Amino acid sequence: MTKIVILTGAGISAESGLGTFRDVDGLWTRYDLNDVATPEGFARNPALVMEFYNARRRNAAEAAPNPVHLALARLEAALPPGAVRIVTQNVDDLHERAGSRAVWHMHGQLARARCAACGADWAAPPVMRAEDPCPACGAPATRPDIVWFGEMPYYMDEIWEALRSADLFVAIGTSGNVYPAAAFVQDASRAGAETLELNLEPSETVSDFDRVRHGPASGIVPVWVEECLNELTRG
């Protein structure tokens, strides 16, 4: 069975109208990342951090999956269980809403809350406050279930294992300058996988890929999925 590992980044969420912290304007630019995307910022001003993520949660809930999300869900549905694994840097749930099930959110999820005291996690309400009690231990230690700068991404052991057993690694809509995700192509390549970049423009790691296609993800990804399915069907 062919195994495909797909890394998705902010570029595909941007095509659903969700901004990134590299945008020239938008939600991120009204905040200092040190204040809203670090453990230290949360310790200094938890109310500000909650305000920021409550706004991002609202934005994500109003967004809709785009052709990229739908095409990847179609690929997963057409292949045997376990053939496709999506590793996403995005914290929205657009992959799942498009129909994908094999998704690892390495940077956490806007739709989840976590207890800073006991580590329990649960579905986040529309509006969160830092003093909200944890449903597991009761501590007033609620925080977004988001991996901030300086924290370890989720699923790293599982991701490295998937990369080492992949036949194909595909990076979609990611800049290639945020680690550890930027190193995934090198690890997959060393393990013998073919590598493909699908991106609006060349990433920082473009030279590490065997093949590249550049252009809007909503255009090139559905075409690639169609080609992939045709090739696998012929095989």
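Student: Why is there no bond between the sulfur of Cys118 and the closest cysteine sulfur, in Cys137?

Tutor: This is a predicted model, and in it the two sulfur atoms of Cys118 and Cys137 are 3.7 Å apart, whereas a disulfide requires cysteine sulfur atoms within 2.5 Å. The distance is therefore too far for a bond, although Cys137 holds the closest cysteine sulfur to that of Cys118. A search of the whole structure likewise finds 0 disulfides.

Student: How do you know that Cys134 is in no disulfide?

Tutor: The nearest cysteine sulfur to that of Cys134 belongs to Cys115 and is 3.7 Å away, and the cut-off for a disulfide is 2.5 Å, so Cys134 is not counted as part of one.

Student: What makes Cys118 partly exposed and Cys134 buried?

Tutor: Cys118 has a relative accessible area of 42%, which falls between the limits of 20% and 50% and is therefore called partly exposed. Cys134, with a relative accessible area of 4%, lies under the 20% limit and is therefore called buried.

Student: Why is Asp132 called buried, and where is its place?

Tutor: The relative accessible area of Asp132 is 15%, and because the limit for buried is under 20%, Asp132 is placed in that class. Its place is in the loop between strand 5 and strand 6. Not counting residues up to four places away in sequence, Asp132 touches Val127, Ala139, Pro140, Ala141 and Thr142.

Student: What makes the pair of Arg129 and Asp132 a candidate for a polar contact?

Tutor: The backbone nitrogen of Arg129 lies 2.8 Å from a polar atom of the Asp132 side chain, and this distance is within the 3.5 Å that a polar contact allows.

Student: How do you know that strand 4 pairs with strand 5 and with strand 6?

Tutor: Pairing needs at least two bridges; strand 4 and strand 5 have 3 bridges in the antiparallel sense, and strand 4 and strand 6 have 4 bridges, also antiparallel, so both pairs meet the requirement. Among the facing residues, Ala113 stands opposite Trp122 in strand 5, while Gly108 stands opposite Ile146 in strand 6 and Arg114 stands opposite Arg143 in strand 6. The hairpin of strand 4 and strand 5 has 5 residues between the strands, and in this hairpin Gly119 takes a positive phi near 85°.

Student: What makes strand 5 and strand 6 the edge strands of the open sheet with the order 5-4-6?

Tutor: In this antiparallel sheet of 3 strands, strand 5 (121-123) and strand 6 (142-146) each pair on one side only. The twist from one strand to the next averages 45°. Helix 4 packs on this sheet by touching strand 4 and strand 6, and its direction makes about 50° with that of strand 6.

Student: Which residues have the most contacts inside the largest nonpolar core, and which helix gives the most to that core?

Tutor: The core has 26 residues, and Phe42, Tyr53, Leu110, Ile146 and Trp148 have the most contacts inside it. Helix 4 (46-62) and strand 4 (108-115) each supply at least two residues, and helix 4 gives the most, with 5 residues. Trp148 touches Val36, Ala37, Thr38, Pro39, Phe42, Val49, Tyr53 and Arg143, leaving aside residues up to four places away in sequence. A second core, separate from this one, has 24 residues and includes Leu79, Ala83, Val170 and Ala217.

Student: How do you know that strand 1 and strand 2 are paired?

Tutor: Strand 1 (residues 4-8) and strand 2 (residues 84-88) run parallel and are joined by 5 bridges, and because at least two are required, they count as paired. Arg85 in strand 2 is the bridge partner of Val5. Two helices lie on these strands: helix 5 (residues 67-78) lies across strand 1, strand 2 and strand 7 (168-172), running at about 165° to strand 1, and helix 7 (residues 156-164) touches strand 1, strand 2, strand 3 and strand 7, with its direction at about 135° to that of strand 3.

Student: What makes strand 3 and strand 9 edge strands in the sheet with the order 3-2-1-7-8-9?

Tutor: In this open sheet of 6 strands with parallel pairing, strand 3 (103-105) and strand 9 (211-214) each pair on one side only. Its twist averages 15° from one strand to the next.

How values were computed: Residues are numbered from 1 along each chain as its sequence is written. This is a predicted model: local features need pLDDT of at least 70, side-chain atom pairs count only at pLDDT 80 or more; totals for chains, interfaces and linings use all residues. Side-chain values use heavy atoms; hydrogens and water are left out. A nonpolar core is a set of buried Ala, Val, Leu, Ile, Met, Phe, Trp, Tyr and Cys residues joined through side-chain atoms within 4.5 Å. Buried means under 20% relative accessible area, exposed over 50%, partly exposed in between (1.4 Å probe, protein chains only). Contact means heavy atoms within 4.5 Å. Axes are lines fitted to C-alpha atoms, for helices over the stretch in contact, and angles run from 0 to 180 degrees between N-to-C directions. A polar contact is a pair of N or O atoms within 3.5 Å; within protein, one must be able to donate a hydrogen and the other to accept it, and residues adjacent in sequence count only if both atoms are side-chain atoms.
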